[in-house]
Amino acid sequence: MLSFSSLTFLFKICRRIQFSDLRRAPFVALQLEKRSELAIWVSNFRTLSMGNDAGSPQGPVTCGSWIRRPENLNLVVLGRSRRGSSCPSLLEIFSFDPKTTSLSTSPLTTYVLEAEEGDPVAITVHPSGDDFVCALSNGSCKLFELYGRETNMKLLAKELAPLQGIGPQKCISFSVDGSKFAAGGMDGHLRIMEWPSMRVILDEPRAHNSVQDMDFSLDSEFLASTSTDGSARIWKTEDGVPLNTLSRNSDEKIELCRFSKDGTKPFLFCSVQKGDTSVTAVYDISTWNKIGHKRLIRKSASVMSISNDGKYLSLGSKDGDICVVEVKKMQIYHYSKRLHLGTNIASLEFCPGERVVLTTSVEWGALVTKLTVPKDWKEWQIYLVLLGLFLASAVAFYIFFENSDSFWNFPMGKDQPARPRFKPVLKDPQSYDDQNIWGPVDM
Amino acid sequence: MAREQIQVLNALDVAKTQWYHFTAIIIAGMGFFTDAYDLFCISLVTKLLGRIYYHVDGAAKPGTLPPNVSAAVNGVAFCGTLSGQLFFGWLGDKMGRKKVYGMTLMLMVICSIGSGLSFGHSAKSVIATLCFFRFWLGFGIGGDYPLSATIMSEYSNKKTRGAFIAAVFAMQGFGILAGGIFAIIISVAFKERFDAPPYELDPAGSTVAQADYIWRIIVMVGALPAALTYYWRMKMPETARYTALVAKNTKQAAADMSKVLQVEIQAEPQKEEQKANSYGLFSKEFLRRHGLHLLGTASTWFLLDIAFYSQNLFQKDIFSAIGWIPPAKTMNAIEEVYRIARAQTLIALCSTVPGYWFTVALIDKIGRFAIQLMGFFFMTVFMFALAIPYDHWTHKDNRIGFVVIYSLTFFFANFGPNATTFVVPAEIFPARFRSTCHGISSASGKLGAIVGAFGFLYLAQNKDKSKADAGYPAGIGVKNALIVLGVVNILGFFFTFLVPEANGKSLEEMSGENDEDVGTQEESEQSHSHNNNRTVPYV
């Protein structure tokens, strides 16, 4: 269980971040050639100057994701939906400060979605960290490319022709190696494509009743997808062939699925609803048989995530709880009760390089939470241990060196010289010639 | 850049054997190449060290390292290897193997360079520094060795795993070859530049001052393949692979996971099967089923490495004994290095390396058991063929015959147990114990290397103390030492039977995967075939 100090610490972090979130002012790129944009800007200014606006000046956060950038830099992309007529749908990029475990107070860049594009529904980031795809409520998906350094970052939008007008997509995902893209629709239509060529691998309109969740395996060989009716299927990503349907009892509904990211643990983790109870089941991906299950989170799970190194599994509940489980022992190492008070957690994701999770909900926006899990060995600590061993053996060796004349057994005693004393010898030409086995040099 | 690297890995698995896989073999094999170079280059320079630092004025023979010093210089790296294997094995479990990999290679680079340096100018400090850094070089090699094996399995094509692993292991032969070739180049260059009379004409002048650089250069160049290994490994993408699937360890992984979950209630037959699989390592049930297997794999690896490492480290002494290398007093220091390097390189080129590649070509055809049995058998035959009529071979006219037969012992060591003792422990044990049993067998091999490094040196000395090298007690002579090695090989031959015999398996069965894996594979194929035929129903 959480200690009191940890709980207090977490509470402070949450309060601080929430406050920052509420204060965050919208930033709209001013483009003089678009009068409507100018009008929006003026409108926002007027709203802020009142000072007593009852609601948040921004739309609610619908989805979020980490972006891993070079040099161990981590960014966060948030999608906001429209609120009323004065707050448009947005995509915002924030930087993450690992020292304070917080997001930047203002976005590095913002992209405003047109009214006809609808709201962002889901975001998936390519493993390269250079671009991401956003599924929109109008039934299309857009590609966004990230340009520039942290100080002058820009978002460039591109249309993806095969993903135009395909209907609202519940889940979108890149494979771990970045070579494939999958989209699962609310109408049960499942698509797998090669990336970036967009060649169609699978185009199955009747894959599910309605897609609920999906995930690529670590080796990018399988795609697991779940349906709102409780079934789950496994697809081969090489050719789109359906491989298997996960076994379950009649009273079980498989809701969420995540493949293990630890190469030594070839498992698929599923959140299963059994009546009123939510349990986590583990399937062996070499046989697709269930190994066992365990109850981890107290309420129904709404979202599941796994850390990049595969050590931790995380669940978010419909009541706003999150728990973090160590995969090896399936033990809860972190539990935040009502992190998003009374609200369904919409997205939950591990930071690529830190023990921090990003969570979003419509009511409370985006939070980053530092996890109370055992610290990993830092690389410098290992080097320190190694250096310590090295120096200790150097000291031991030196002591041995000073007391070991008899061991080295030098025939000329302690002060044996490093090499024989060189005696200069004048060689007569004939003698030199005799010793030269290669014959006369003059040849 | 990152995207390209990721794509390479994807293509690596999907494609059939292509250029990708040869690239992967070279990169994965660089670890073994580096290990072999660093471990064996010392044997090329120990004679030179004796001449430089153990010179005795007025002695009839050039200076030689005393037995304990020679054993220390040769063998301290193997003590380091054993320690490093344990330390980095523990560390790899703690924080993942990829992270510790850079440390082992960094250690190898630094200690290769350190081996060529000295703290102080006296002979004592030079030899002491060399021993110190050789220990830590071995420590790094001990960490690198299992990691090279791991990376090997991670990048292997799923279909031709046996040949792939053997090919990677065969890079060891190229490491030995590279050491010899480089020593030849260095010694020829120095000989051209700094000519000197033989020892018997001018004892002091036969060792030129510049000879000191030769052994330092040869030892320090070991840092270069280690650095290249590091560079190439870092360019490969992060491994995104279920290594458990590739290494067929899924049952062990599933068993570990089932211990921390509520397991579904199963039917009676499965429950019984599960109970049958629940015995632990070194339990009575384990010893009954696999005790002899473990004894077989560990003992054969131990016995092989006694013969293999002693022969590799002390080839030059045997060559001198039969006259292929002239008596030391008839050569100067640099010429001696040249002749030793040439002889060892010829052996590596004509027998060690071909032996490895014969194994690569045939291991999946004629099987591990037959290769190991044949290898031990012929090693025994040729060893006795050398030892019993030993006086015959010492005549000048017959030494070519000696060299030919001696080469064949190396050929059949490598087209034989040296390769199979690495492959077999990874295949015959249940998945739950596979890595542990392989580790035990490997550690036995290292102990054998230590015995070989320290033991043969004493045995091979002449029976007459006056004829033994300076500081050595009388030994049993080269002839009897070779007989001892022949007996070691016979023991290896007979211990090989422990591996299949306990299960009553025939040679044909042992040559393929064991029954457990074959069953799994068939099951998997049937399942796949069934699913392929099924149409996609609406769910």
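1. Which residue takes a positive phi in the hairpin of β7(A) and β8(A)? The residue to look for is A:Gly139, with a phi near 95°. This hairpin has 4 residues between the strands. Keep in mind as you read on that the whole thing is a predicted model.

2. Let's stay with that part of chain A for a moment. Strand β7 covers residues 131-136 and pairs with β8(A) in the antiparallel sense, over 5 bridges. If you want a spot to check on screen, A:Ala135 sits across from A:Cys141 in β8(A). On to the next pairing: β8(A) is also antiparallel to strand β9 (residues 154-159) of chain A, and 6 bridges link the two. Here the pair to find is A:Leu146, which stands opposite A:Leu155 in β9(A). As for cover, β8 runs over residues 141-147 of chain A, and 6 of its 7 residues are buried.

3. How far should you trust chain A? Its mean pLDDT is 77, and 77% of its residues reach 70 or more. Within chain A, strand β11 (residues 180-185) has the highest confidence, at 93, while helix α2 (residues 35-50) has the lowest, at a mean of 33. Two stretches deserve a warning. Over residues 1-56 of chain A, pLDDT stays under 50, and the model has 40 contacts there beyond four places in sequence. Residues 421-443 of chain A also stay under 50, with 17 such contacts. Where pLDDT is low, the predicted coordinates should not be read in detail.

4. Next comes a sheet that brings in both chains. Its 5 strands form an open sheet in the order β18(A)-β19(A)-β20(A)-β21(A)-β1(B), with antiparallel pairing. The edges are β18 (252-259) of chain A and β1 (262-263) of chain B; each has a single partner strand, so one side of each has no neighbour in the sheet. Between β18(A) and β19 (residues 267-274) of chain A there are 7 bridges, and these strands run antiparallel. A:Lys253 faces A:Gln273 of β19(A) across that pairing.

5. What about the loop between β18 and β19 of chain A? A:Lys265 has its place there. Is this lysine buried or exposed? A:Lys265 counts as buried, at 15% relative accessibility. Along the chain, A:Lys265 and A:Gly310 are 45 residues apart, yet 8.8 Å separates their C-alpha atoms.

6. Chain A has another open sheet worth a look, made of 4 strands in the order β22-β23-β24-β25, again with antiparallel pairing. Its edge strands, β22 (301-306) and β25 (331-336) of chain A, each pair on one side only. On average, neighbouring strands of this sheet are turned by 20° against each other, direction ignored. The antiparallel pairing of β22(A) with β23 (residues 312-317) of chain A has 5 bridges. A:Met304 has A:Leu315, in β23(A), as its bridge partner.

7. Two annotations from UniProt, both from an unreviewed entry, can be set beside the model. The record places "repeat: WD" at residues 209-245 of chain A. In the model that span is 57% strand and 0% helix, and its end C-alpha atoms lie 14 Å apart. The record also has a "transmembrane region" covering residues 380-401 of chain A. Those residues are 100% helix and 0% strand, with the end C-alpha atoms 31 Å apart.

8. Now for chain B. Its secondary structure comes to 24 helices and 1 strand. Of its 539 residues, 57% are buried. Among contacts in chain B between residues at least 6 apart in sequence, 82% join residues at least 24 apart. The accessible surface of chain B is about 21300 Å², and carbon and sulfur atoms account for 64% of that.

9. One residue to try in chain B is B:Phe302, which lies in helix α13 (residues 284-313). B:Phe302 has a relative accessible area of 27%, so this residue is partly exposed. Which residues does B:Phe302 contact, leaving aside its neighbours within four places in sequence? They are B:Ser444, B:Gly445, B:Leu447, B:Gly448 and B:Val451. B:Val488 is another residue to find: B:Phe302 and B:Val488 are 186 residues apart in sequence, and their C-alpha atoms are 9.8 Å apart in space.

Note on methods
Residues are numbered from 1 along each chain as its sequence is written. Chains are lettered from A and ligands numbered from 1 in the order in which they are written. This is a predicted model: local features need pLDDT of at least 70, side-chain atom pairs count only at pLDDT 80 or more; totals for chains, interfaces and linings use all residues. Side-chain values use heavy atoms; hydrogens and water are left out. UniProt positions are given in the numbering used here, feature names are shortened, and annotations may be inferred rather than shown by experiment. Two strands pair if DSSP finds at least two bridges between them. pLDDT is the predictor's confidence in each residue, from 0 to 100. Contact means heavy atoms within 4.5 Å. Buried means under 20% relative accessible area, exposed over 50%, partly exposed in between (1.4 Å probe, protein chains only). Axes are lines fitted to C-alpha atoms, for helices over the stretch in contact, and angles run from 0 to 180 degrees between N-to-C directions. Accessible areas come from the Shrake-Rupley method with a 1.4 Å probe; for residues, only the protein chains shown count as cover.
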